[in-house]
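Here are a few notes on how the strands pair up in this one. Have the model open while you read.

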Amino acid sequence: MSRIGKLPIALPSGIQVSVADNVVTVKGPKGTLTQTISEGVTVEVDGGQVVVKRTSDEKQHKALHGLYRALINNMVKGVSQGYKIEQELVGVGYRASHQGQQLDLVLGHSHHVVFQLPSEIKVNTKTERGSNPTIILESHDKQLIGQVAAKIRSLRKPEPYKGKGIKFTGEVLRRKAGKSAAKK
């Protein structure tokens, strides 16, 4: 039995879960999310909790059991609390600003990088004197916010020598030693 899959998901107050035709819909104060469930896994709503069960002990069903339980748990957490990701721009002259759903980044290129964000994500930029510019992303969809944060990071990944680039707040980078000049 899957250790993750067999755990019931507790539903906070104000969260509604419905299952119809292998589609799980979770509604809450932050929004609505849906997930299609494949054959071999069933989802039951019992009072204040959601239980995920599998129909057989096939290897594929065992793998999907824990996966769908984790996905539904992330959906419940997302529509009740939401997710937040912060990223820092490390580098001289690096700047970030936003206008609606457009994120305007200055990353050392000859041009500005304009990044269009999905409507499900709220963006905020913070620039304080003496600290690195920060991008703050908030959403109820964990998969979407993670994908967008990874795409923003890929615009200028942190380099290993000076650490310049876009990094997650609190991320520890592995730094390399630079060249050593030979003494004669």
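1. A quick term before we start: two strands count as paired if DSSP finds at least two bridges between them. Bear in mind that this is a predicted model. With that in hand, take S2 and strand S3 (residues 23-28): they pair in the antiparallel sense, over 5 bridges. For a spot to click on, serine 18 has threonine 25 in S3 as its bridge partner.

2. Now for the sheet that this pair belongs to. It is an open one made of 3 strands, in the order S2-S3-S4, with antiparallel pairing. Strand S2 (16-20) and strand S4 (31-36) are the edge strands, each pairing on one side only. On average, neighbouring strands of this sheet are turned by 15° against each other, ignoring direction.

3. What packs on that sheet? Helix H1 (residues 59-80) does, touching S3 and S4. The direction of H1 makes about 170° with that of S4.

4. Next, the hairpin. Strand S5 (residues 41-46) pairs with S6 in the antiparallel sense over 6 bridges, and 2 residues sit between the two strands. In the turn, glycine 47 has a positive phi of about 60°. Aspartate 46 stands opposite glutamine 49 in S6.

5. S6 has another pairing to look at. Strand S1 (residues 9-10) and strand S6 (residues 49-54) are antiparallel, joined over 2 bridges. Here alanine 10 has glutamine 49 in S6 as its bridge partner, and glutamine 49 is also the residue that aspartate 46 stands opposite.

Terms used: Residues are numbered from 1 along each chain as its sequence is written. This is a predicted model: local features need pLDDT of at least 70, side-chain atom pairs count only at pLDDT 80 or more; totals for chains, interfaces and linings use all residues. Side-chain values use heavy atoms; hydrogens and water are left out. Helices (H or I, at least four residues) and strands (E, at least two) are DSSP runs, numbered from the N terminus. Axes are lines fitted to C-alpha atoms, for helices over the stretch in contact, and angles run from 0 to 180 degrees between N-to-C directions. Contact means heavy atoms within 4.5 Å.
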